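Reader: I have the coordinates loaded. Let's go through the fold piece by piece. Start with the terms, please.

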Amino acid sequence: TNFNINCVSDHDFGTQRELLPPAKVAKEMIGAALQKHIGAVNPSECEPGDEDAFFVADIGEVYRQHMRWKNNLPRVTPHYAIKCNPDPVVLRLLATLGAGFDCASKAEIEQVLKIGVDPSRIIYAQPCKTKSYMRYTAKQNVKQMTFDNTDELYKVKELCPDAELYLRILTDDSASLCRLSQKFGASMETTQELLELAKELDLNIAGVAFHVGSGATDSSAFVQAVTDARDVFDRAIDLGFSPHTLDIGGGFVSETFEFTASVLNVALEQHIPSSIRIIAEPGRYYTSSAFTLACNVIARRTVEDKQTGEKSYMLYLNDGVYGNFSSIIFDHQHPVPQILSTRRKQNNYNYALADLSRSTDSLLDSGYTSATEDQHELASGGGKEIEYSIWGPTCDGIDCISESWKSGQTVDVGDWLYFEEMGAYTKCSATRFNGFTDKHETVYVSSEVGASAVLGF
Ligand code: PLP
């Protein structure tokens, strides 16, 4: 892990997204970091693994997302769902900014406690928990946890009788990218029975939780869930409990965040009294756009159409669906490749660098060729786009990143591609299948002074 923190700008956080710093600044920083890293690698001489895929993480983007959250959902304290991306710098930043954490396992709880977060800022948001992990959480004084069934209540009684319990209710997750309700959540018909059993077992119902599904696109699911949660609060109060917290889960996506927040605020105002604390468990919202992944083209296969004579190419990268592109399988993503560098065969490992950074100019002066220039040449000469399919490095045929991608440029072995929006549900679910690494280097940059300052770099 590289702590390579640079910083370019600070700014006044307004209430609108438009007031945030130009994406261009962050893009330039990321571009410069990508180029610096690949510039240090000569594929013809490097040690095995030196040309491995790597991330550039802009922690300034995580910082901006946090400020955006505070501006739009001031009543709701985010508890970052670390399953989404347990990156240590992201955790440190969010811990310093006052966020809480949603953990699903002993390892996640341990990681958060190790950075000095108080156990009261952690929610063990897993309705079906491992008994030995429950013993661990009781020892560590992590009290907040969710449940959604009677069997779990007996486990809680046995292992964590002091727990602050959140009854997780079922939601309509039909408009979400990753549906969770087939696995978790108590139906509204069962909530009375669950509350009564909790009473009988002398357990503490501290609140209600829900999750509308990861990558939620329908804000009305939040509204219905808030309405249902209010119903459960009332039932709990009737039974003599004093629930004090509503957990509105995760599911937030950057593209629709302001709209979802405005709809949610109205529902919260209408149904949840101001005395009730509100928390959430956002994951992808925080990290999706903060991480960019660069991959090396390790092999290429030419495919010729016998009838037309037209050529297309299969590109093989050193990362795939068993690695950081696990998001294609588990998170239904469609990562879009972009060219970072193309190699000019006539020169010795000179790179044609994509127009990502100001520093490109000086490289061009010393004989490098701009990839975008190449592209323009092709385009203006009436050059046709070339079709590629993009594959991962393992021997499995399922290891496909993109079935069809078109570019005006020739991409060959040794060239680099990069993919934006690779910060959520990527490296956390990478494997070592076929002996490839699951530990890819992360180069950190910060496009916000605030983020660098918080981390003390
Ligand atoms: N909380 C729980 C219990 C989850 O299962 C998940 C994702 O699966 C999250 C939070 C994070 O969801 P998202 O990344 O969509 O915000």
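Author: Two residues are in contact if their C-beta atoms, placed from the backbone, lie within 7 Å. Axes are lines fitted to C-alpha atoms, for helices over the stretch in contact, and angles run from 0 to 180 degrees between N-to-C directions. Helices (H or I, at least four residues) and strands (E, at least two) are DSSP runs, numbered from the N terminus.

Reader: What kind of model is this, and from which number do residues count?

Author: It is a predicted model: local features need pLDDT of at least 70, side-chain atom pairs count only at pLDDT 80 or more, and totals for chains, interfaces and linings use all residues. Along each chain, as its sequence is written, residues are numbered from 1.

Reader: How many helices and strands does the protein chain have, and what share of its residues is buried?

Author: The protein chain has 14 helices and 19 strands. Buried means 20 or more other C-beta atoms within 10 Å of a residue's own; exposed means 12 or fewer, partly exposed in between, with C-beta atoms placed from the backbone. Of the 457 residues, the buried share is 45%.

Reader: In what order do the eight strands close into a barrel?

Author: Strands count as paired if DSSP finds at least two bridges between them. The pairing in this barrel is parallel. The order is β2-β3-β4-β5-β6-β8-β10-β11. Neighbouring strands of this sheet are turned against each other, direction ignored, on average by 30 degrees.

Reader: Which residue in β11 stands opposite P78?

Author: Strand β2 (residues 76-81) pairs with strand β11 (residues 277-280) in the parallel sense, over three bridges. Opposite P78 in β11 stands A280.

Reader: Which residue in β10 is the bridge partner of V208?

Author: V208 sits in strand β8. Strand β8 (residues 204-210) and strand β10 (residues 245-247) pair in the parallel sense, over three bridges. The partner of V208 in β10 is L246.

Reader: And what stands opposite L246 in β11?

Author: β10 and β11 run parallel and are joined by three bridges. Facing L246 in β11 is I278.

Reader: Is V208 buried or exposed, and what does V208 touch?

Author: With 30 other C-beta atoms within 10 Å, V208 counts as buried. L167 is 41 residues away along the chain, yet the C-alpha atoms of V208 and L167 are separated by 4.7 Å. Leaving out residues up to four places away in sequence, V208 touches Y166, L167, I169, A229, V232, F233, P243 and L246.

Reader: At about what angle to β8 does helix α8 run?

Author: Helix α8 (residues 219-238) lies across β6 (164-169), β8 and β10. Its angle to β8 is about 170 degrees.

Reader: How far apart are the end C-alpha atoms of helix α1?

Author: The expected span is 1.5 Å times one less than the number of residues. Helix α1 (residues 23-39) has 17 residues, so it should span 24 Å. The end C-alpha atoms agree, at 24 Å.

Reader: Which residues come nearest the ligand?

Author: A residue is near a molecule if its C-beta atom, placed from the backbone, lies within 6 Å of it. The ligand has 17 residues around it. β9 (214-216) and α10 (284-287) each supply at least two of the shell. The nearest are A81, S214, G250, E281 and G283.

Reader: How do the residues of the shell around the ligand divide?

Author: Ala, Val, Leu, Ile, Met, Phe, Trp, Tyr, Cys and Pro count as nonpolar, Asp, Glu, Lys and Arg as charged, and the others, Gly among them, as polar. The shell divides into seven nonpolar, seven polar and three charged.

Reader: Which residue in β18 stands opposite C295?

Author: Strand β12 (residues 291-304) and β18 run antiparallel, joined by four bridges. Both faces of β18 (residues 416-419) are covered: W416 and Y418 are buried on one side, L417 and F419 on the other. Opposite C295 in β18 is L417.

Reader: What is the phi of Y425?

Author: Most residues other than glycine have a negative phi. Y425 lies in the loop between β18 and β19 (442-445), and counts as buried because 26 other C-beta atoms lie within 10 Å. Its phi is positive, about 55 degrees.

Reader: And what is phi of D202 near?

Author: D202 lies in the loop between α7 (188-200) and β8. It counts as exposed, because it has 8 C-beta neighbours inside 10 Å. Its phi is also positive, near 60 degrees.
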